[in-house]
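Let's walk through this model together, one set of contacts at a time. Keep the viewer open as you read.

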Amino acid sequence: MQDFSFYFGLGWEHIISWGALDHQLFIAALSAIYILKDWKQVLILVTAFTIGHSLTLALSVYDVIRFDRNWVEFLIACTIVITAISNLFQKKFTARSIRINYFLALFFGLVHGMGFASALRPMLARDQSLGWGLFGFNAGLEVGQIMVVIILVVIGKIVLDVLKVNRREWVIFLSAAVFSLAVKMAIERIPFK
């Protein structure tokens with residue numbers, strides 16, 4: 001159980017720390033179109049992301065797949081850009097119209113999992129309880145992601161209900177902010193400069 005709590009802490013820190021801006025921006029882009037009453041959809045969304053990154057994280061840690069870290073970091077920034085852009089095309093915020101976000105979360109989670117693996121692989125390779133380590137890390141990531149989403153939807157609730165900002169304008173504002181930071185990040189991470 002000690003291994004679980006150690007890796008849980010690593011997963012939590014990997015999402016919550018200032019060094020995790022790329023993953024926080026991705027979560028922000030994914031959840032920008034949701035409001036507090038959509039909490040069930042947001043949980044499914046975060047879980048889809050976790051399933052995606054858990055799969056490639058496990059495959060990478062077990063050395064089934066391995067990708068160049070520079071390309072992975074560049075692709076992570078690209079996933080944020082694409083997700084933020086897709087938000088700008090949302091006109092209605094019905095469950096049906098925002099279903100694409102589940103696929104983005106799952107598919108782009110695969111890319112983010114490779115990024116998590118580069119941080120975790122060296123530690124897990126020396127550890128005896130690989131399964132507990134992976135489970136603990138993923139659980140920490142999941143709880144951290146949920147905390148980021150809760151903060152964002154509460155801020156969204158304040159912006160929409162207290163400041164009376166139109167929902168579409170809020171989505172455009174948040175997505176544009178994420179987009180601009182992610183484009184800068186992608187340019188800085190171009191692997192073939």
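A good place to begin is the crossing of α4 and α7, which is left-handed. Bear in mind as you look that this is a predicted model. The two helices, α4 and α7, pack with their axes 8 Å apart and at an angle of about 160 degrees. Angles over 145 degrees count as roughly antiparallel, and α4 and α7 are therefore roughly antiparallel to each other. On the α4 side, the residues that make the contact are F74, A77, I80, V81, A84, I85, N87 and L88. Facing them from α7 are R168, V171, I172, S175, V178, F179, A182, V183, M185 and A186.

From here we can turn to charged side chains. Side chains of opposite charge can pair when their charged atoms come close. The count for this model comes to six salt bridges. One of them joins R189 to D22, with 3.2 Å between the closest N and O atoms. R189 lies in the segment after α7, whereas D22 belongs to helix α2, so this pair ties together parts that are 167 residues apart in sequence. The two partners can also be described by their accessibility: D22 is buried, with a relative accessible area of 5%, while R189 is partly exposed, at 23%.

R189 also meets E73 in a salt bridge, at 3.3 Å from N to O. E73 sits in helix α4 (residues 69–88) and R189 in the segment after α7, so here the parts tied together are 116 residues apart in sequence. E73 is buried, its relative accessible area being 17%. Taken together, D22, E73 and R189 are linked in a network of salt bridges.

Within helix α7 there is another salt bridge to find, between the side chains of E188 and K184, at 2.4 Å from N to O. What separates E188 and K184 along the helix? They are four residues apart in α7, which means a separation of about one helical turn. E188 counts as partly exposed, with 49% relative accessibility.

Now for the rings. A search of the whole structure finds 13 aromatic pairs. Take F4 and F135: their ring centres are 5.4 Å apart and their planes lie at 35 degrees, so the pair is tilted. F4 comes from helix α1 (residues 2–16) and F135 from helix α6 (residues 130–162), so that this pair links distant parts of the chain, 131 residues apart. F4 is buried, with a relative accessible area of 16%, whereas F135 is partly exposed, at 49%. Both residues belong to a wider group, as ring pairs link F4, F8, W132 and F135 into a cluster.

A second pair, F26 with F108, is edge-to-face: the centres are 6.2 Å from each other, with 65 degrees between the planes. This pair also links distant parts of the chain, with F26 in helix α2 (residues 21–31) and F108 in helix α5 (residues 100–126), 82 residues apart. Are these two rings buried or exposed? F26 is buried, and F108 is buried as well.

To finish, look once more at helix α2. It holds F26, which pairs with F108 of α5, and it also holds D22, the salt-bridge partner of R189.

Note on methods
Residues are numbered from 1 along each chain as its sequence is written. This is a predicted model: local features need pLDDT of at least 70, side-chain atom pairs count only at pLDDT 80 or more; totals for chains, interfaces and linings use all residues. Side-chain values use heavy atoms; hydrogens and water are left out. Rings of Phe, Tyr and Trp (its six-membered ring) pair if their centres lie within 6.5 Å; planes under 30 degrees apart count as stacked, over 60 as edge-to-face and the rest as tilted. Buried means under 20% relative accessible area, exposed over 50%, partly exposed in between (1.4 Å probe, protein chains only). A salt bridge is a side-chain nitrogen of Lys or Arg within 4 Å of a carboxyl oxygen of Asp or Glu. Axes are lines fitted to C-alpha atoms, for helices over the stretch in contact, and angles run from 0 to 180 degrees between N-to-C directions. Angles under 35 degrees count as roughly parallel, over 145 as roughly antiparallel, 65 to 115 as roughly perpendicular and the rest as oblique. A crossing is left-handed if the near helix is turned anticlockwise from the far one by less than a right angle, and right-handed if clockwise. Contact means heavy atoms within 4.5 Å.
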